[in-house]
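This note sets out numbered remarks for a colleague working at the bench. Please read them beside the sequence and the structure.

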Amino acid sequence: MVQNTRGQVSEARARLLGTATRLFYAEGLHSVGIDRIVAEAKVTRATLYRHFPSKDELVVAYLQGADQAIRDRVGEALGSGRPAADIVRTIARSIAEDIESPGFRGCAFLNAVAEYPDPGHPVHKAVLAHRQWFLRTIVDLLAQTGETPSEPAGRHFVMLRDGAMAAGCLSDPAAVRETFIQGIEGILRFRAGSTAPRPGAGTV
């Protein structure tokens, strides 16, 4: 009986979070109310508040779910055993595929931080935590592709990604994808060139 109850609780939470994720991404965070989520998830308000005591906590859970999905994809690429440059390309292609996917409405994290600009708000903090992790992951990968400092290259990657995410729902996503991938290839070519011997350098 306990196992059945736990299963029902888990199912209700999953249904709430799934409904909130769909609505928040498609329509925005502030515009979607608790009553709408409860109605479409087919649960009571008491059930919602048992799992998510406030709407802010539900929004944070939504962002944590999006964060975990990206971490899982990046983790799969990292575990492939391929060279760092190829892993960077895999991550870039994954982003490009998102841009061309049906229902694409930009970056969930950039959209969220636009609605929650207060740096002290839990939603804002959740966005920053994701972005800091992503930047550090890219910087660490790019450090393996050349000898010049990888921090600027990592920031360049993230800026290209942010721009592509914004442009992808404003113009032709295929053109945005091509431009983004070309930009990442440019970073990698520059990094590869940084491993070449400097003119006049002696040989070992």
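1. A salt bridge is taken here as a side-chain nitrogen of Lys or Arg within 4 Å of a carboxyl oxygen of Asp or Glu. The structure under review is a predicted model, and the count by this rule comes to 16 salt bridges. In general terms, side chains of opposite charge can pair when their charged atoms come close.

2. The pair D35 and R45 meets that rule, with a salt bridge between the side chains at 2.2 Å, N to O. D35 belongs to helix α2 (residues 34-41) and R45 to helix α3 (residues 45-51), so this salt bridge ties together parts that are 10 residues apart in sequence. D35 counts as exposed because its relative accessibility is 52%, and the cut-off for that class is over 50%. R45 counts as partly exposed, at 38% relative accessibility.

3. A salt bridge also joins the side chains of R136 and E151, at 3.1 Å, N to O. R136 lies in helix α7 and E151 in helix α8 (residues 151-167), so the pair ties together parts that are 15 residues apart in sequence. R136 is partly exposed, with a relative accessible area of 39%. E151 is likewise classed as partly exposed, at 27% relative accessibility.

4. Within a single helix, D67 and R71 form a salt bridge through their side chains, at 2.7 Å, N to O. The two residues are separated by about one helical turn because they stand four residues apart in helix α4 (residues 55-78). D67 is buried, with a relative accessible area of 13%, whereas R71 counts as partly exposed at 30% relative accessibility.

5. Salt bridges also link R22, E27, R36 and E40 in a network. This network should be read as a group of four named residues rather than as a separate pair.

6. H130 deserves attention next to D67. H130 lies in helix α7 (residues 122-142) and counts as buried because its relative accessibility is 5%. Leaving aside residues up to four places away in sequence, H130 touches D67, I70 and F109. D67 thus has a contact with H130 as well as a salt bridge with R71.

7. Where does the largest pocket draw its lining from? Helices α1 (2-27), α4, α5 (84-99), α6 (108-115), α7 and α8 each supply at least two residues of that lining. The most comes from α4, which gives eight residues. The lining has 25 residues, of which A66, A69, I70, R73 and D98 lie nearest the centre of the pocket. The space in this pocket is about 520 Å³. I70, named among those nearest the centre, is also touched by H130.

8. How many disulfides does the structure hold? The number is zero. C107 is in no disulfide, and the nearest cysteine sulfur, that of C169, is 10 Å away. The same holds from the side of C169, which is in no disulfide and has the sulfur of C107 as its nearest cysteine sulfur, at 10 Å. The cut-off for a disulfide is a pair of cysteine sulfur atoms within 2.5 Å. C107 counts as buried, at 4% relative accessibility, while C169 counts as partly exposed, at 39%.

9. The structure holds four aromatic pairs. One aromatic cluster is formed by W133, F134, F157 and F180.

10. Is R191 buried or exposed? R191 is buried, with a relative accessible area of 1%, and its place is in helix α9 (residues 173-193). Apart from residues up to four places away in sequence, R191 touches L142, A143, T145, G146, E147, T148, P149, S150 and A153. The C-alpha atoms of R191 and H130 are separated by 25 Å, the two residues being 61 residues apart along the chain. Both of these residues are classed as buried, H130 at 5% and R191 at 1%.

Key: Residues are numbered from 1 along each chain as its sequence is written. This is a predicted model: local features need pLDDT of at least 70, side-chain atom pairs count only at pLDDT 80 or more; totals for chains, interfaces and linings use all residues. Side-chain values use heavy atoms; hydrogens and water are left out. Buried means under 20% relative accessible area, exposed over 50%, partly exposed in between (1.4 Å probe, protein chains only). Contact means heavy atoms within 4.5 Å. Rings of Phe, Tyr and Trp (its six-membered ring) pair if their centres lie within 6.5 Å; planes under 30 degrees apart count as stacked, over 60 as edge-to-face and the rest as tilted. On a 1 Å grid over the protein atoms alone, a cavity is a set of points where a 1.4 Å probe fits but cannot get out, and a pocket is an open set with protein on both sides within 12 Å along at least five of seven lines; lining residues have an atom within 4 Å of a point. Grid points are joined across faces, edges and corners, and a volume is the space filled by probe spheres set on the points.
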